[in-house]
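Work through the following exercises with the model open beside you, and try each task before you read its solution.

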Amino acid sequence: MRVLAIDTALANCAAAVCDDSAATPCLEVRSEEIGRGHAEKLMDMISEVMAESSTAFTDLDRVVVTTGPGSFTGLRVGLSVARGFGLVLGKPVVGVTTLAALACAAANDPKAGSTILVALTGKGEEVYCQTFDAQGEPAGEPAVRTLTDLKDSLPADVTFAGSAARAVAEAAGYGEERILSECGYPDIRDVARLGIAADPKQAAPVPLYLRPPEASPPKSGRIERQ
């Protein structure tokens, strides 16, 4: 299966063409930590990985895209592009959460415990997190938790990954040896790998928002002209 994988959910902007039948599954990768401006970068990256891997869009079997947690703007960029390709090509589009992709990488670390907590930095004491087993399979639902809440509810053999890994480990009184990774975004190769294995019927390309948008409509119920 040959896929185009896209990630614009967090600070990174990435695209890759991967084929699980090839000797080197990821044929071409572009990845850059940009913070903002995904819309300006993404299409050029896609053009480059498609051209460098000698892949026509009609050669693709599916499109894979990250669904969050992440920034509202970044997620909209990736999801819109992925859905657009799927519609035009008549190919499935599957979604992969950023938490699951980070867990995929953490599960390959020899230091990984029987429980992996993937945690991304939120506001204040809050983190966006989910628990996974040693194989990187979900063991709980994604949620917004506080450091105070987490420190009293972690299993003994837990290890940590994600941008908030150190903060959670320190709050819970664990040492450096429990931290597998502090990366704040997934590797696009892991996104592609999970997307190839996913069932399109169960991995819909819809945003995973753990918080509602902060913006609220005017009290009048009308959108004011600027």
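A residue is called buried when its relative accessible area is under 20%, exposed when that area is over 50%, and partly exposed in between, with a 1.4 Å probe and protein chains only. The structure is a predicted model, in which local features need pLDDT of at least 70 and side-chain atom pairs count only at pLDDT 80 or more, whereas totals for chains, interfaces and linings use all residues. Residues are numbered from 1 along each chain as its sequence is written, and side-chain values use heavy atoms, with hydrogens and water left out.

**Exercise 1. Describe how helix H3 is covered, and by what.**

Solution. Begin with the element itself: helix H3 spans residues 98-106, where helices (H or I, at least four residues) and strands (E, at least two) are DSSP runs, numbered from the N terminus. Next, list its buried residues, which are Thr98, Leu99, Ala100, Ala101, Leu102, Ala103, Cys104 and Ala106. This makes 8 of the 9 residues buried, and the helix is therefore mostly covered. Finally, look for the cover, which includes the strands S4 (62-66), S5 (93-96), S6 (115-121), S7 (126-133) and S9 (158-161), together with helix H6.

**Exercise 2. Find the surroundings of alanine 192.**

Solution. First place the residue: alanine 192 lies in helix H6, and with a relative accessibility of 1% alanine 192 counts as buried. Then search for contacts, meaning heavy atoms within 4.5 Å. Once the neighbours within four places in sequence are left aside, alanine 192 is in contact with Val3, Ala5 and Cys18. As a last step, compare chain and space: valine 64 is 128 residues away from alanine 192 along the chain, yet their C-alpha atoms are separated by 6.4 Å.

**Exercise 3. Locate three salt bridges and say which parts of the chain each one joins.**

Solution. A salt bridge is a side-chain nitrogen of Lys or Arg within 4 Å of a carboxyl oxygen of Asp or Glu, and a search of the whole structure finds 9 of them.

- Step one: arginine 2 and aspartate 19 form a salt bridge with an N to O distance of 3.0 Å. This pair links distant parts of the chain, since arginine 2 is in strand S1 (residues 2-7) and aspartate 19, 17 residues apart from it, is in strand S2 (residues 12-19). Both residues are buried.
- Step two: arginine 166 meets glutamate 176 in a salt bridge, with the closest N and O atoms 2.8 Å apart. Because arginine 166 lies in helix H5 (residues 165-171) and glutamate 176 in the loop between H5 and helix H6 (188-197), the pair ties together parts that are 10 residues apart in sequence. Arginine 166 has a relative accessible area of 25% and is partly exposed.
- Step three: in the salt bridge of aspartate 190 with arginine 193, the closest N and O atoms are 2.4 Å apart. These two residues are 3 residues apart in helix H6, so about one helical turn separates them. Aspartate 190, at 7% relative accessibility, counts as buried, while arginine 193, at 45%, counts as partly exposed.

To finish, note that salt bridges sharing partners join Glu28, Arg30 and Glu48 into one network.

**Exercise 4. Summarise the fold of the whole protein.**

Solution. Start with the elements, which are 6 helices and 9 strands. Then turn to burial: of the 226 residues in the protein, 43% are buried. Last, consider the contacts between residues at least 6 apart in sequence, of which 60% join residues at least 24 apart.
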